[in-house]
Amino acid sequence: NLTLEKVTIECVSDVKGGYYYVGAIAGENGGIIRNCRVSGTITVNTPGSTVHVGGITGLSQKQTKYLENYININVVGSAVYAGGIAGEYTRNSVGALEQCINHGSITAIGKKSTS
């Protein structure tokens with residue numbers, strides 16, 4: 001039950017081989033996120049690293065329900081996992097990604113990109 005408006009997140013690094021998990025509510029979610037709404041911008045520029053970036057959470061391993069994203073995402077990385085709600089949602093997640101809406105845009109550039 002959280003609303004975050006006009007969020008601005010900027011992550012810049014020249015580290016090679018690093019891992020970044022970026023989201024407005026959580027970089028990595030191991031709990032339950034419900035009834036949340038976010039708006040703003042996330043910019044990640046880590047050309048030598050693996051990046052998981054989502055409007056709500058970078059990586060989600062648990063239930064996410066009733067979420068609305070208005071964050072615009074711009075990301076550069078070696079390997080990029082980007083999504084409006086979650087950058088990556090693991091297949092062995094407990095619970096489900098349910099009743100979520102993405103209104104934000106995603107621009108992802110990487111040697112390997114999944115969005």
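In this predicted model, the sulfur of Cys-100 has its closest cysteine sulfur in Cys-36, at a distance of 9.8 Å, which is too far for a bond. A disulfide would need the two sulfur atoms to lie within 2.5 Å, and a search of the whole structure accordingly finds 0 disulfides. The two cysteines also have their own surroundings to consider: Cys-100 is partly exposed, with a relative accessible area of 24%, whereas Cys-36 is buried, with a relative accessible area of 8%.

Turning from these residues to the fold, the chain has 11 strands and 0 helices, so that reading along the sequence one meets the pattern β-β-β-β-β-β-β-β-β-β-β. When contacts are taken between residues at least 6 apart in sequence, 81% of them join residues that are at least 24 apart.

The overall dimensions can be read in two ways. Along its principal axes, the C-alpha trace spans about 35 × 30 × 15 Å. The radius of gyration of the chain is 13 Å, and because a compact globule with 115 residues would have a value near 13 Å, the two agree.

Finally, there is the division between interior and surface. Of the 115 residues in the chain, 44% are buried, and Cys-36 is one of the buried residues. The chain exposes about 5,900 Å², with carbon and sulfur atoms supplying 47% of that area. As for charge, the chain carries 9 positive and 7 negative charges, and the mean positions of these two groups are 5 Å apart.

Key:
Residues numbered from 1 in each chain as written. Predicted model: local features only at pLDDT ≥ 70, side-chain atom pairs only at ≥ 80, totals over all residues. Heavy atoms only, no water. Helix = DSSP H or I, 4+ residues; strand = E, 2+ residues; numbered from the N terminus. Rg over C-alpha atoms; globule rule 2.2 N^0.38 Å. Buried < 20%, exposed > 50% of the residue type's maximum accessible area, 1.4 Å probe, protein only. Contact = heavy atoms within 4.5 Å. Areas by Shrake-Rupley, 256 points an atom, 1.4 Å probe, with all protein chains shown as cover. Lys, Arg positive; Asp, Glu negative; His and termini not counted. Charge placed at Lys NZ, Arg CZ, Asp CG, Glu CD.
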